[in-house]
Every structure is written in structure tokens, then in C-alpha cells.
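Student: I'd like a close look at the inside of this protein, please. Could you start with any enclosed empty space and then go on to what is packed around the interior?

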Amino acid sequence: MARNASVSVIIPTWNEAKYLPALLDSLQNQTRSPLEILIADSESTDGTQDLAEARGALLVPGDRRGPGEGRNRGARAARGDVFLFVDADCITPPDLLDAIVAAFEEPGVIGGATGFMPALGNAAERALFSLANGYQRAMTLWGFPHNAGYCFFFRREAFQTLGGLREDMPLNETHDLALRSPAPDGPDVDAALPDVRLRPHDPEGIHRLDDPVLRDGPHVRRTIPPGARPLTEPGYRALRPRPRRR
């Protein structure tokens, strides 16, 4: 993929007006400008939609059917060569888009994901985040790839070939996408991606676990399609497809 590849940023939202401005600021301060920023909003009532349009983002409204559906909805409207999915409560480092495009210079890379750290936090809190990142890495190395979903990216063609995210999974749909991606042949590719920072939530802002869409949704089952093999480390390495065997 050429260094001039275009990146579409897709942000699923539901009542994220409090956190969205900081993310949009960080995206506008990138060393590489995104082709477009799409807000896949799901019936927000706090002004998220108006805020997104006022900041020049492309609004892609829809029903409240979970973050997986929102990400897929944004992807269907996106025009870029690369899809970058970012949660609204994140703050991206200024070189993130450049690092993502650089990762695709390695032949066969189809996607990847970043680590994450708190935007504000003491040493103990940062250590806990480091442990979480390490857990994801270890699980992936043991054959159970993890993609926490805060910030991940795919080539357009790869995401479409995989069928996007499963919309019947109210949780862990990003892990499922990792499990359904092809496994690498040959050495891993270090993507050298910077960490994305997460903003702290106020107690009243923690809505996902109490969201009826999640609480009343179907039970989550981690299923692997027949013949599927896991990809390489989604949070720390670029992803490589497995060559076809004759």
C-alpha cells in the first residue's frame, strides 16, 4: 500500500458529547490528515449529532443496535483505503495515522490495533493498563488473539472480505473479528504503533454495561468458523494473511 493511502476514521457513538471534542481535536492534530471522519451515531440525545456536524464530521445516523452495527454502518459509508475504528472516549497520539500507513508497507499486512493507556493516571493505574496490554499480547501468542476494540484498523478490502463485525454479538465482537482473520506465515511484523489514551469516565458516564442493548442482547459465544486460524498479535503487531496453499 502506498504512503499516500487514505484513512477513513470511524467513530461509533451513543451520547458521547462530553468526550467527542477531545478525540476530534487529536484527530485534527495528526501529522497525516484523515480523508474523512465518520460519526456512526445511534440515537444520541445529548447533542452528539449536532456537535459532530459542527466540527465537520460526516454523520451516519442509525438505530441503537450496538457498537458492532455502528462500526459496520460507518464502514459502509467510508471511502478510504484504510478503516480506522476509534472509540469516542479515546485521545489519539499525533503520529497514529502515519504509523498505521507505515505498517502497511510490509507485504501482506491487513490490519492491526493499538495498545492503550489512561490519559490521566498515576503510576499504579498505568501499571494496571500495562498489565492489560500484556494480557492481550500473551493471549494472542497462545493462540487466542485479542482486540479490545478501543482503536483498531483494517484495509478496506480485508474488512469487507471478513464480512465486518458480527452484529449479533453485544460484546467481544472485535475479539471475534481477530479470531476470524487469517493467521500469519513467516515472521511477525512489528507495527510500532503508539498507544491510544483513554479518558476517565464519570460514574454517570459509564453506560455500556447498563445499556439495554447489551444487557438484553443474545448470549455471547466465542465461536471460530471451521478452518479459521487466528491472526498475529492485534494489539502489538501488524496482521498478515496466510498465503494460499496449492
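Tutor: Happy to. A cavity here is a set of grid points where a 1.4 Å probe fits but cannot get out, and its volume is the space filled by probe spheres set on those points. Keep in mind that this is a predicted model. By that rule there are two cavities of 30 Å³ or more, and the largest holds about 50 Å³ of space. Its lining is made up of 11 residues, with Ala 113, Thr 114, Asn 147, Ala 148 and Gly 149 nearest the centre. Sorted by class, that lining has five nonpolar residues, six polar ones and no charged ones.

Now for the packed parts. In soluble globular proteins, nonpolar side chains tend to be buried together. Here the largest nonpolar core has 28 residues, and Ile 11, Leu 20, Ile 37, Ile 39 and Leu 84 have the most contacts inside it. At least two residues each come from strand 1, helix 1, strand 2, helix 2, strand 4, helix 4 (96–103) and strand 8 (151–155). Another core, of 16 residues, lies apart from that one and includes Leu 38, Phe 154, Leu 162 and Leu 177.

To see the largest core from one of its members, take Ile 37. Beyond its neighbours within four places in sequence, Ile 37 touches Val 9, Ile 11, Leu 24, Leu 27, Ala 57 and Leu 58. Two of those partners, Leu 24 and Leu 27, are buried residues of helix 1 (residues 20–28). Leu 20, Ala 22, Leu 23 and Ser 26 of helix 1 are buried as well. Among the elements covering these buried residues are strand 1 (7–13), strand 2 (36–41), helix 2 (48–54), strand 4 (82–86) and strand 5 (90–91).

Charged side chains deserve a look too. Glu 173 belongs to helix 7 (residues 173–180). Is Glu 173 buried or exposed? Glu 173 counts as buried because its relative accessibility is 5%, and the cut-off for buried is under 20%. Setting aside neighbours within four places in sequence, Glu 173 is in contact with Pro 67, Gly 68, Arg 71, Leu 165 and Arg 166. Arg 64, by contrast, sits in the loop between strand 3 (58–59) and helix 3 (67–77). With a relative accessible area of 26%, Arg 64 is partly exposed. Its C-alpha lies 8.8 Å from that of Ser 44, although the two are 20 residues apart in sequence.

How values were computed
Residues numbered from 1 in each chain as written. Predicted model: local features only at pLDDT ≥ 70, side-chain atom pairs only at ≥ 80, totals over all residues. Heavy atoms only, no water. Buried < 20%, exposed > 50% of the residue type's maximum accessible area, 1.4 Å probe, protein only. Helix = DSSP H or I, 4+ residues; strand = E, 2+ residues; numbered from the N terminus. Contact = heavy atoms within 4.5 Å. 1 Å grid on protein atoms, 1.4 Å probe; cavity = no way out; pocket = protein on both sides within 12 Å on 5 of 7 lines; lining within 4 Å. Nonpolar A, V, L, I, M, F, W, Y, C, P; charged D, E, K, R; others polar. Core = buried A, V, L, I, M, F, W, Y, C linked by side-chain atoms within 4.5 Å.
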